[in-house]
Amino acid sequence: MLVLGIETTCDETAAAIVRRHEDGRGEIVANIILSQSAEHAAYGGVVPEIAARAHVEVLDLTIAEAMVKAGTSFEALDGVAAAAGPGLIGGIIVGLTMAKAIALVVEKPLVAVNHLEAHALTARLTDAVAFPYCLFLVSGGHTQIVAVLDVGRYVRLGTTLDDAIGEAFDKTAKLLGLGYPGGPEVEREAARGEATRFALPRPMLGRDEPDFSLSGLKTALRLEAEKIAPLSDQDVADLCAAFQRAVVDVVADRVLTGLRAFRRRFGAPTALVVAGGVAVNQAIRRALETVAGMADTSLVAPPAELCTDNGAMIAWAGAERIFRGMTDTLAASPRARWPLEETLAAEKAPA
Amino acid sequence: MRILAIDTALEACAAGIIEMPDRVLAQESVAMARGHAEALMPLLARVMDQAGTGFADLDRIAVTVGPGSFTGLRVGIAAARGIALAAGKPAVGVSTLAAFAGPYLVAGETRPVVAAVDARHDQVYFEVFGPGGRILVTPRLVAVRDAVRAASAAAVIVGSGAGILAAAWPDGKPLPAIATQGAPLIASIARLGAAADVAHALPKPLYLRRPDARPQDAARLPRR
């Protein structure tokens, strides 16, 4: 089965062709990603209207490039998938509409994919992970621990009560005058900093529910930084190191709590899977490896380019759904807000 | 030439298949302020069905590129470019202002034709056409009072912003004909699309207004 996947929910314009083999294995045939981050850098974050304008200028060219790279034709596709949310509505409208247009022309099924579900299922594309597994979804917009029981069957075990972890990294970078996106910048600075110089809190540590809270940490970091401003290069590196260490400690504790909650409710998971842009952070990955070992399971972390937003994960989620007969109509709605738990309900909704 | 015309830039969701010069095979227009993203593709499927035509039978796709609702015009453009890509047919962009003015120019109007689209905040998107479609004032975003002044010699003011100009018209000055329309006619879009040069009339948005965004560095702490 050959599926085209389109991703436009934030600031990457992406298109990919993925094959689902009969035995359920996935194969990426082409994966094109155009990042807009340079266009948003001056604003210290993604500007929705700028993102939408960029998507509509380049999406068809991105798809065409993916088709050429895959050496295939639209007629050879078995379906067209697009991220229909959650995310920035202006970009979603562009991606979903173009997917519908292609599906209409070539008379192939359309799948309006939940972007979070696509992140959740990526480990099945890369590592053929079987259900059920425990997902730690960590990005600029989301911080969730999810029991992935089947395609369309997700139980959220924990979430952030305020900021997402990626958002906290971005705000830290902005505060310290580092570039955008902030995550990689903070990680780079942290590598040459002294994490113990500042005593930062570990919010939620030891709580029974595997939830997160980042706003107190963010505020504590700001207060420490303000005390010693103006900041030297070493100050910035030390602040980044202290911040990242605190996040890592919180992640380790919260995810371990999440794995235990998973086991109580659903038995042993086949794996701890990490997904989302923050999953490329090496310190967080190392901590998750340790936590997986402590919980008698193993960590599955897709390669970095499949953790950040991409079209391959959308195509793969589309393939998983088409295989199960879960397709959408040409009237499918773009959705700015779309919790993962509502993916089955959406599929059952009338056209 | 068989042409598929699409318009979601303003207050309608509309599409039609026209065999040039003027045989309408099928068309449908639904008045709507929002919801184009859901409505357009099922509407397109119905229109294609009704016309009994396939995408392979089309010679080109014409789409309104604005000025209009930023989100709305991107729905039409994304659809047109998607169809063009998958069907291997050219897509051309048509200005909403030109599409509003088109019928008057075709009818041989000799005095200026003014097209205006509501841009809110006491502004309109505005263009003035002379005989034969010659452009007297290029498309731009202007204050309503400036548009009124520039429209004083017009024979007709057409478009979703025509009523706004009429309401601001000075007392004692003769008012041109006012043709308030929520969206341009599909036939007019098709005619302009058929005449357009594929190499130049690209299906790219004509926003006429910059995105509302300012650089943010207020949160940043001073560095040594």
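Reader: What joins strand 7 of chain A to strand 8 of chain A, and in which sense do the two strands run?

Author: In this predicted model, six bridges join strand 7 (residues 143–150) to strand 8 of chain A. The two strands run antiparallel. Pairing requires at least two bridges, so six bridges satisfy the criterion. Within this pairing, Q144(A) stands opposite T159(A) of strand 8.

Reader: What is the order of the strands in the open sheet that contains strand 8 of chain A, and why do strand 8 and strand 10 of chain A stand at the edges?

Author: Five strands of chain A form this open sheet in the order 8-7-6-9-10, with mixed pairing. Strand 8 (153–159) and strand 10 each have a single partner strand, so one side of each is left without a neighbour in the sheet.

Reader: Which strands of chain A are the edge strands of the sheet ordered 3-2-1-4-5?

Author: That sheet is also open, is formed by five strands and has mixed pairing. Its edge strands are strand 3 (26–35) and strand 5 (110–114) of chain A, each of which pairs on one side only. From one strand to the next, the twist averages 20°.

Reader: How many bridges join strand 1 of chain A to strand 2 of chain A?

Author: Strand 1 (residues 2–7) and strand 2 (residues 12–20) of chain A are joined by six bridges and run antiparallel. The threshold for pairing is at least two bridges, and therefore these strands count as paired. One of the bridge partners is A14(A) in strand 2, which is matched with E7(A).

Reader: What makes helix 3 of chain A a helix that packs on the sheet, and what angle does its direction make with that of strand 4 of chain A?

Author: Helix 3 (residues 89–106) touches strand 1, strand 4 (79–85) and strand 5 of chain A. Its direction makes about 160° with that of strand 4. Helix 4 (residues 115–127) of chain A packs on the sheet as well, touching strands 1, 2, 3, 4 and 5. The direction of helix 4 makes about 95° with that of strand 5 of chain A.

Reader: Why is the pair of F131(A) and Y133(A) given the class it has?

Author: Five aromatic pairs are counted over all chains. The ring centres of F131(A) and Y133(A) are 5.9 Å apart, and the planes stand at 5°. Centres must lie within 6.5 Å and the planes under 30 degrees apart, so this pair is stacked.

Reader: Why is Y133(A) called buried or exposed?

Author: Its relative accessibility is 0%. The cut-off for a buried residue is under 20%, so Y133(A) counts as buried.

Reader: What makes the pair of F169(A) and F243(A) stacked or edge-to-face?

Author: The centres of F169(A) and F243(A) are 5.0 Å apart and the angle between the planes is 85°. An angle over 60 degrees is required, so the pair is edge-to-face. The pair links distant parts of the chain, with F169(A) in helix 5 (residues 165–175) and F243(A) in helix 8 (residues 233–266) of chain A, 74 residues apart. Both residues are buried.

Reader: Where does the charged end of R53(A) sit?

Author: The charged end of R53(A) sits over the ring of Y207(B), 3.7 Å from its centre. R20(A) lies over the face of F323(A), at 3.6 Å from the ring centre.

Reader: Why is A301(A) counted as it is for accessibility?

Author: A301(A) has 25% relative accessibility. Buried requires under 20% and exposed over 50%, so A301(A) counts as partly exposed. A301(A) lies in the loop between strand 10 (299–300) and helix 10 (304–307) of chain A.

Technical notes: Residues are numbered from 1 along each chain as its sequence is written. Chains are lettered from A and ligands numbered from 1 in the order in which they are written. This is a predicted model: local features need pLDDT of at least 70, side-chain atom pairs count only at pLDDT 80 or more; totals for chains, interfaces and linings use all residues. Side-chain values use heavy atoms; hydrogens and water are left out. Helices (H or I, at least four residues) and strands (E, at least two) are DSSP runs, numbered from the N terminus. Axes are lines fitted to C-alpha atoms, for helices over the stretch in contact, and angles run from 0 to 180 degrees between N-to-C directions. Contact means heavy atoms within 4.5 Å. Rings of Phe, Tyr and Trp (its six-membered ring) pair if their centres lie within 6.5 Å; planes under 30 degrees apart count as stacked, over 60 as edge-to-face and the rest as tilted. Buried means under 20% relative accessible area, exposed over 50%, partly exposed in between (1.4 Å probe, protein chains only). A charge sits over a ring if NZ of Lys or CZ of Arg is within 6 Å of the ring centre and within 35 degrees of the ring normal.
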